[in-house]
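Student: I have a structure to go through at the bench. Can we take it in short questions?

Tutor: Yes. Here it is.

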Amino acid sequence: METLHNHGERRLGIVASGSLTKGVEVRLDGGISVEDIAVGRYVTVEGEKRRFFGMITDVALDAIDPRLMTMPPDVSDPFIAEVITGTSTFGRLHVLPALTIGGDALSLLEGPQPVKTVPAHFSTVREASEQDVERVFGQVEEKQFYIGTPLDMETKVRLDPEKLVMRSSGVFGKTGTGKTFLARLILIGIIQEGAAVNLVFDMHNEYGWEGTSEEGRKVKALKQLFPSKVAVFTLDEENARRRKVSTDFVVEIGYDEVEPDDIAMLHETLGLTDAAVQATYRLARRFGERNWLESFLAIEGREELNELAQSLGEHEATLAALRRRLEMLRRLRFLVPHASENAIQRILESLDRGIHVVLEFGRYGDDIASYILVANLLTRRIHERYRERVERAKGEDVARPRPLVITIEEAHKFLNPDISGQTIFGTIAREMRKYNVTLLVIDQRPSGIDDEVMSQLGTKITCLLDDERDIDSVLAGVSGKSELKSVLAKLDSKQQALIFGHAVPMPVVVRTREYGSPQSYKEFGFREALERKKKAEEEAKDLWG
Amino acid sequence: MVDRIGEVIEASTGEFMAQCYELHQPPPFGSLVMTKEGEVEIYGVVSGATTTSIEPGRRPIARGSEEADEEGIYRSSPQLAKLLRTEFSALVVGHRENERLHHYLPPRPARIHSFVYLCDTDVVALFSQSLDFLSILVSAQGQADELVAASLRHAAAAHKAPRDFLVKAGKDLAVLLGGETNRLNTILRRIRG
């Protein structure tokens, strides 16, 4: 068995105490400086019967005698310092064992298993080797997607897109930590491996044609990388043209497609009272589902409004306020009395063909009301269709529709506890993959998202968060929560993320892979035009001789 | 190989006292000495030395007022060397039985009149490869810290890499004196060289 064990890695210390729930305490060897250790790194523990694989979640200083702290020895003398280090004073690590690996032949076959016990006293703790990490996270084949590398290691960490899309997932992190960057990477992974089709509600036009890197450099986004697999839809053609982005379709939404439910979603952003929201349902009953908004917006005069209020049994002020608030809808150029082409149909057709759809909001991205309105309206209809089709697939012998991943930003606006019960996004998050639709939510304030929704997210990918409540909310229900907390709070503010949940075997801190260089594009399968042409020529030559 | 320096005149399991053959020539404080009990070699660390009158109660008197130097005193009263004696005590720190070194107390104390030898550097280096005897020294009566420091300085001199040896010993001491930071500091300051 000895040959399986890699003893080449640096020995760090021995297990001193611990528990399964809280993790184990490791006493650092004298020769190891605490300054060489970082939380988030991996270690292996050689137990008597098994090898444990875990993550360092805390580093501490300790001393045999508390008096040493009050009367420090003369450490200016190198001799005394050398003696004291590692004996009277020593470092302690807190390690959270997550998996057992390769102790015997059986466990080698089974692969890494979740831990059910802790290593025995004084088991040796070593830095994890590249092979260990590979054994845990799986080998990454050439065309497979990986998200990055563990801290200070070269091994690629695979994020399995198939597993990722099985449940809803979330990308979190405070502003400027690279959420968009990560989300784009994940979307690329899903496209690269064809795990699902994407519908991205692209608030700031970052996913479709090109995005900006943290340094302000332009980077290729989905359409450029996968021209034949991605369609860019836009709500704002003018803006797209100004950015020199060729779009595949301009989305227009008719007043007749807006339902009172869609307005109800906006109650917070538009500042609508409950009474006003109720009034929209009455209006819909009066004018009909398809005509209410147009008819209501057409009312100009005060008297006319009062008359309507009276006949509906509404308070005049309520209706007047509602009218005023809804006035903003008129300013939205994509809202037209009747849409010339059915956007939902177009989106569904694309998705059915396996084409990923990025809906750019153009200048409307800064208007949260438009974003909520459109995302909610489209998603509700699309989800409805998906549901119908899945139900039909159950009854008849037809294929289920392709798995669909819907990406939304500013997710707390859709999924806060007040409205998550009513919105379609709350429903999707809760019902998991029943109807083949899952969410990829992107948010900087996870504490604003309903706890129930958060608990349903299968995989969470989180960049640095520093608000206590946000951290708590992201880590709710995760084993080893308090340990991961210290890891999360200490992430670098760039290019680092903690990933845990369904799609990875254990929590992992990654340095996200490089993205933006020609080499990185190539890794995603992107070929420059010249190269493409050459390949086509070669193929033709092969074909025709 | 080893220097014969005296004879055991008082012995217990943990300690023995020896009289030096040469007046004023006790082995250095903290050095390693050896005596025998049958086949067993008993090792001790010199923990102190005294020179006194051979008759208890009869103290020497000052005699040098007429002499030009100290040596002159002994020249003019040669009997002095016979009336005085130098003794040293040693703390037993280990023994060798059947060719094996043990760093703990021997089964029996040394016999009276056993010869006592001063160990040379090879033996010191061999004996101090294990520092288990330190625990005996740190719990010694009296000037234990001085004794530990002195014995380590001696032992270090016998090693090829004295500093490495002292660091290792220091680390052992740090563990032994876990709760006694002051003593540790005292000793470390005496051995840092």
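Student: Start with one residue. In which strand of chain A is A:S19 found?

Tutor: Keep in mind that this is a predicted model. A:S19 sits in a strand that covers residues 11-19 of chain A. That strand is β1.

Student: Is A:S19 buried, partly exposed or exposed?

Tutor: Its relative accessible area is 26%. Buried means under 20%, and exposed means over 50%. The value for A:S19 falls in between, so the residue is partly exposed.

Student: Which side chain makes a polar contact with the side chain of A:S19?

Tutor: The A:S19 side chain also reaches a backbone atom, the nitrogen of A:K22, at 3.0 Å. The side-chain partner is another residue, at 3.3 Å. That partner is A:T21.

Student: Leaving aside neighbours within four places in sequence, which residues is A:S19 in contact with?

Tutor: The chain brings a remote stretch to A:S19: the C-alpha atom of A:T117, 98 residues apart along the chain, is separated from that of A:S19 by 8.1 Å. Contact itself asks for heavy atoms within 4.5 Å. With the sequence neighbours set aside, the contacts of A:S19 are A:V24 and A:V118.

Student: Now salt bridges. How many are there over all chains?

Tutor: The rule takes a side-chain nitrogen of Lys or Arg within 4 Å of a carboxyl oxygen of Asp or Glu. Counted that way over all chains, the total is 47.

Student: Which helix of chain A holds both A:E327 and A:R330?

Tutor: Their side chains meet in a salt bridge, 3.2 Å from N to O. A:E327 is partly exposed at 29%, and A:R330 is partly exposed at 34%. The two residues are three apart, about one turn of the helix. The helix covers residues 316-331 and is α14.

Student: What is the N to O distance in the salt bridge of A:E341 and A:R346?

Tutor: Both partners are partly exposed: A:E341 has 37% relative accessibility, and A:R346 has 25%. Their side chains meet with an N to O distance of 2.9 Å.

Student: How many residues apart are B:E37 and B:R108?

Tutor: These two form a salt bridge, with the closest N and O atoms 3.4 Å apart. The pair links distant parts of chain B: B:E37 lies in strand β3, and B:R108 lies in the loop between β6 and β7. Along the chain they are 71 residues apart.

Student: Of B:E37 and B:R108, which is buried?

Tutor: The cut-off for buried is under 20% relative accessible area. B:R108 has 46% and counts as partly exposed. At 11%, the buried partner is B:E37.

Student: Which residues do shared salt-bridge partners join into one network?

Tutor: This network is in chain A. Acidic and basic side chains are linked through shared partners. Its members are A:E259, A:D261, A:D262, A:R380 and A:R381.

Student: On to helix packing in chain B. Are α6(B) and α7(B) roughly parallel or antiparallel?

Tutor: Two packed helices are described by the angle between their axes and the distance between the axes. Helix α6 of chain B (residues 162-176) and helix α7 of chain B (residues 181-191) have axes 10 Å apart, at an angle of about 170 degrees. Angles over 145 degrees count as roughly antiparallel. The pair is therefore roughly antiparallel.

Student: How many charged residues are in the contact of α6(B) with α7(B)?

Tutor: From α6(B) come B:L166, B:G170, B:L173 and B:A174, and these meet B:L184, B:I187, B:L188 and B:I191 in α7(B). The contact residues divide into seven nonpolar and one polar. The number of charged residues is none.

Student: Last, the chains overall. What share of the residues of chain A counts as buried?

Tutor: Chain A has 23 helices and 23 strands. Its C-alpha trace spans about 95 × 75 × 50 Å along the principal axes. Of its 545 residues, the buried share is 54%.

Student: And what share of the residues of chain B counts as buried?

Tutor: Chain B has seven helices and seven strands. Its C-alpha atoms fill a box of roughly 55 × 40 × 30 Å. Of its 193 residues, the buried share is 45%.

Methods:
Residues numbered from 1 in each chain as written. Chains lettered and ligands numbered in written order. Predicted model: local features only at pLDDT ≥ 70, side-chain atom pairs only at ≥ 80, totals over all residues. Heavy atoms only, no water. Axes fitted to C-alpha atoms, helices over the stretch in contact; angles between N-to-C directions. Helix = DSSP H or I, 4+ residues; strand = E, 2+ residues; numbered from the N terminus. Parallel < 35°, antiparallel > 145°, perpendicular 65-115°, else oblique. Nonpolar A, V, L, I, M, F, W, Y, C, P; charged D, E, K, R; others polar. Buried < 20%, exposed > 50% of the residue type's maximum accessible area, 1.4 Å probe, protein only. Polar contact = N/O pair within 3.5 Å; in protein donor to acceptor, adjacent residues only side chain to side chain.
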